[in-house]
Amino acid sequence: MSKVRFGVIVFPGSNCDRDCYYVLKDLLQVKVDYIWHQEEKPKGFDCLILPGGFSYGDYLRCGAIARFSPVMEFVQDFAEQGGLVLGICNGFQILLECGLLPGAMLRNQGLKFVCQFIYVRVDNNQIPFTGAAQPGQVLQLPVKHNEGNYYVEEETLKEMKRRGQIVLRYSTKEGVVTREANPNGALDNIAGICNERKNVFGLMPHPENSSEPILGSQDGLLIFKSMLQYMEDGEFRYGGGEEFRYEEGREEDLDA
């Protein structure tokens with residue numbers, strides 16, 4: 001068994017914590033423990049996961065209360081020291097609220113809860129969370145959220161693109177980024193982003209719910225395998241291709 005140890009943080013209202021735990025323990029056979037949100041100084045973890053759900057019932061706004069949980073000071077210190085932090089759906093929203101990732105989440109366009117399989121294109125495979133992917137690889141993952149409409153100011157978006165922080169974008173099965181492929185109205189079809197240092201990653205789709213064939217897709221396993229590979233190797237390896245460079249021309253995809 002791998003010596004890498006994952007921690008899955010549990011907030012009141014988390015509902016995908018056990019799914020993440022199952023993928024790590026039973027499918028990848030790595031060490032994993034739950035971390036209750038009131039713990040202030042957990043020890044011995046190599047990677048932290050903030051799972052999906054409805055922390056504190058999503059009162060005020062998604063993640064707005066959870067970001068004040070005692071464990072979040074540890075999460076921020078852990079990230080600042082270079083530790084890997086993955087936020088899935090509600091976990092992504094919490095990372096936005098606490099400032100570990102830029103931007104904010106708005107209500108879905110159309111003001112309806114979205115629950116369906118979608119496709120996302122890997123626009124940057126040179127980070128620890130997507131290193132096992134090929135450049136431009138398309139993943140089939142499920143979404144289930146009411147506030148996944150990502151927004152960030154124009155100048156910040158330009159900087160994020162320049163730095164390769166846009167990791168996943170909603171696309172067609174063929175990898176074309178179109179308005180029709182966007183399930184929630186997210187700016188620039190953004191489905192997942194990372195911080196400038198590339199050790200904090202948030203995404204709205206649920207990789208833990210697409211990690212076995214019986215679920216309809218096992219593409220989500222790639223995210224977990226990428227993290228595990230990065231930590232076991234002690235150095236970064238990625239799926240291949242040239243160094244990431246954002247190209248302005250790619251925005252024309254949205255007019256397709």
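**Annotated site and sheet organisation in the predicted model**

At a relative accessibility of 1%, H206 counts as buried in this predicted model. The place of H206 in the chain is the loop that links strand 11 and helix 5. When neighbours within four places in sequence are left aside, H206 is in contact with C16, G52, I88, C89, P142 and K144. The side chain of H206 is furthermore joined to that of E208 by a polar contact of 2.7 Å.

The unreviewed UniProt entry places the feature "active site" at C89, H206 and E208. These positions span 120 residues in sequence, yet no two of their C-alpha atoms are more than 11.0 Å apart, so they gather at one spot. C89 is found in the loop between strand 4 and helix 3, the latter formed by residues 90-97. With a relative accessibility of 4%, which falls under the 20% limit, C89 likewise counts as buried. Residues up to four places away in sequence not being counted, C89 touches G52, K144, H145, L203, M204 and H206; the contact between C89 and H206 thus appears in the list of H206 as well as in that of C89.

The strands that precede these two loops belong to an open sheet, in which nine strands follow the order 2-1-3-4-11-10-9-6-7 with mixed pairing. The edges of this sheet are occupied by strand 2 (31-36) and strand 7 (138-145), each of which pairs on one side only. From one strand to the next, the twist averages 25°. Helix 5 (residues 221-233) packs on the sheet, where it touches strand 1 (5-10), strand 3 (47-50), strand 4 (84-88), strand 7 and strand 11, and its direction makes about 170° with that of strand 4.

Within the sheet, strand 10 (residues 190-194) and strand 11 (residues 200-203) run antiparallel and are joined by three bridges, with I193 standing opposite G202 of strand 11. The loop between strand 10 and strand 11 contains N199, a residue that is buried, with a relative accessible area of 4%. Polar atoms of the N199 side chain lie 2.9 Å from the backbone oxygen of A79 and 2.8 Å from the backbone oxygen of G83. Not counting residues up to four places away in sequence, N199 touches A79, G82, G83, L84, V85 and F129; of these, L84 and V85 fall within the residue range given for strand 4, 84-88.

As regards the cysteines, the count of disulfides comes to zero. C20 is in no disulfide, the nearest cysteine sulfur being that of C16, at 6.7 Å, whereas a pair of cysteine sulfur atoms would have to lie within 2.5 Å. At 0% relative accessibility, C20 counts as buried. The sulfur of C194 has its closest cysteine sulfur in C47, at 14 Å, which is too far for a bond. C194 is also buried, with a relative accessible area of 0%. C194 falls within the range of strand 10, residues 190-194, and C47 within that of strand 3, residues 47-50.

Conventions
Residues numbered from 1 in each chain as written. Predicted model: local features only at pLDDT ≥ 70, side-chain atom pairs only at ≥ 80, totals over all residues. Heavy atoms only, no water. Pairing = 2+ DSSP bridges. Helix = DSSP H or I, 4+ residues; strand = E, 2+ residues; numbered from the N terminus. Axes fitted to C-alpha atoms, helices over the stretch in contact; angles between N-to-C directions. Contact = heavy atoms within 4.5 Å. UniProt positions renumbered as here; feature names shortened; annotations may be inferred. Buried < 20%, exposed > 50% of the residue type's maximum accessible area, 1.4 Å probe, protein only. Polar contact = N/O pair within 3.5 Å; in protein donor to acceptor, adjacent residues only side chain to side chain.
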